[in-house]
Amino acid sequence: MIKSERVSESVRLGILLALTGGFMDAYSYLVRGGAFANAETGNIVLMGIHMAEGNWGRVLYYLVPVVSFALGVYVAEYIRKQVGDNPKVHWKEGILWAEMALIFIAGWIPQRHNALVNAMIAFICAMQVEAFRKIRGMAFATTMCTGNLRSGTELLSVGQFEHDTEKRKAGLHYFLIDGVFAGGAAVGAVVCKLFAEKSIWLCIVTLFGAQLFIMYQKKNAEV
């Protein structure tokens, strides 16, 4: 029973979401044209490179997922404002349902429209990272790893310097989530070879598991 933390900040929920995040990144890379659609740093860098070269068609190509990511954050906040802490369907549950619906649609889209699917994945990941931002009260990301790596290393270092066991434990949680993310990518590498475009539907399973977890645990704690 969860008593001391919010349901949405549970390590178990973070594991399900990180599995999904790792899988989607592997899917966008292996099936949808060699792109990493979860985070936008690479797209912004490539956009800048093509600006310098005057290749405005490619600038637009990389701009689309960046705008989609920003739009995903906006929509997540809109859902939060409209739904709020509804006891029947909390706004974070609404985000999960929206993710599952978009993933189902993405699995039907042929590879000639990979740019569209990658924009959809950017949108989905933005909603997820906006809605699920903490684990045990600490800032976490379940769709990208760099921030977790920095925070985890910092806590391990400070915990070591200060002989603080709790900080070392907290640091290990960051590495756990990044390890799970890598595991999700490994699963994606196997499943994508078997089911190609439709392999992303496996993410519906992990997100539905996250949804069931929230539905069950919110009887005992705040979402």
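**View A. The surroundings of Lys-92.** Leaving aside residues up to four places away in sequence, Lys-92 touches Ser-8, Ala-131, Phe-132 and Val-223, where contact means heavy atoms within 4.5 Å. Lys-92 belongs to helix H4, residues 91-106; helices here are DSSP runs (H or I, at least four residues), numbered from the N terminus. With a relative accessibility of 13%, Lys-92 counts as buried (buried is under 20% relative accessible area, exposed over 50%, partly exposed in between, using a 1.4 Å probe and protein chains only). Asn-148 lies 56 residues from Lys-92 along the chain, and their C-alpha atoms are separated by 21 Å.

A word on the model before moving on: it is predicted, with local features needing pLDDT of at least 70 and side-chain atom pairs counted only at pLDDT 80 or more, while totals for chains, interfaces and linings use all residues. Residues are numbered from 1 along each chain as its sequence is written, and side-chain values use heavy atoms, leaving out hydrogens and water.

**View B. Helix H1 against helix H7.** Here H1 (residues 11-30) packs on H7 (residues 165-195) at an angle of about 45 degrees, with the axes 7 Å apart. The axes are lines fitted to C-alpha atoms over the stretch in contact, and angles run from 0 to 180 degrees between N-to-C directions. H1 and H7 are therefore oblique to each other (under 35 degrees is roughly parallel, over 145 roughly antiparallel, 65 to 115 roughly perpendicular, and the rest oblique). Their crossing is right-handed, meaning that the near helix is turned clockwise from the far one by less than a right angle; anticlockwise would be left-handed. The contact of H1 with H7 holds 17 nonpolar residues, seven polar and one charged. In this count, Ala, Val, Leu, Ile, Met, Phe, Trp, Tyr, Cys and Pro are nonpolar, Asp, Glu, Lys and Arg are charged, and the others, Gly among them, are polar.

**View C. Helix H3 against helix H5.** The axes of H3 and H5 are 7 Å apart and make an angle of about 35 degrees, and the crossing is again a right-handed one. Among the H3 residues that meet H5 are Tyr-61, Phe-69 and Glu-77, and the H5 side of the contact includes Ala-115, Phe-123 and Glu-130. By class, the contact has 16 nonpolar, two polar and two charged residues.

**View D. The largest nonpolar core, with Tyr-27.** This core has 36 residues, of which Tyr-27, Leu-96 and Ile-121 touch the most other members. A nonpolar core is a set of buried Ala, Val, Leu, Ile, Met, Phe, Trp, Tyr and Cys residues joined through side-chain atoms within 4.5 Å. At least two residues each come from H1, H3 (56-83), H4, H5 (114-131), H7 and H8 (202-217), and H5 gives the largest share, eight residues. Another core, of ten residues, lies apart from it and includes Val-11 and Val-180.

**View E. Ala-106 in helix H4.** Ala-106 is found in H4 and counts as buried, at 1% relative accessibility. Among its contacts beyond four places in sequence are Tyr-27, Met-120 and Ile-200. Val-117 is eleven residues from Ala-106 in sequence, and 5.9 Å away from C-alpha to C-alpha.

**View F. Two loop residues with positive phi.** His-163, in the loop between H6 (146-162) and H7, has phi near 55 degrees and is exposed, with a relative accessible area of 65%. Ala-196, in the loop between H7 and H8, has a positive phi of about 50 degrees and is partly exposed at 26% relative accessibility.
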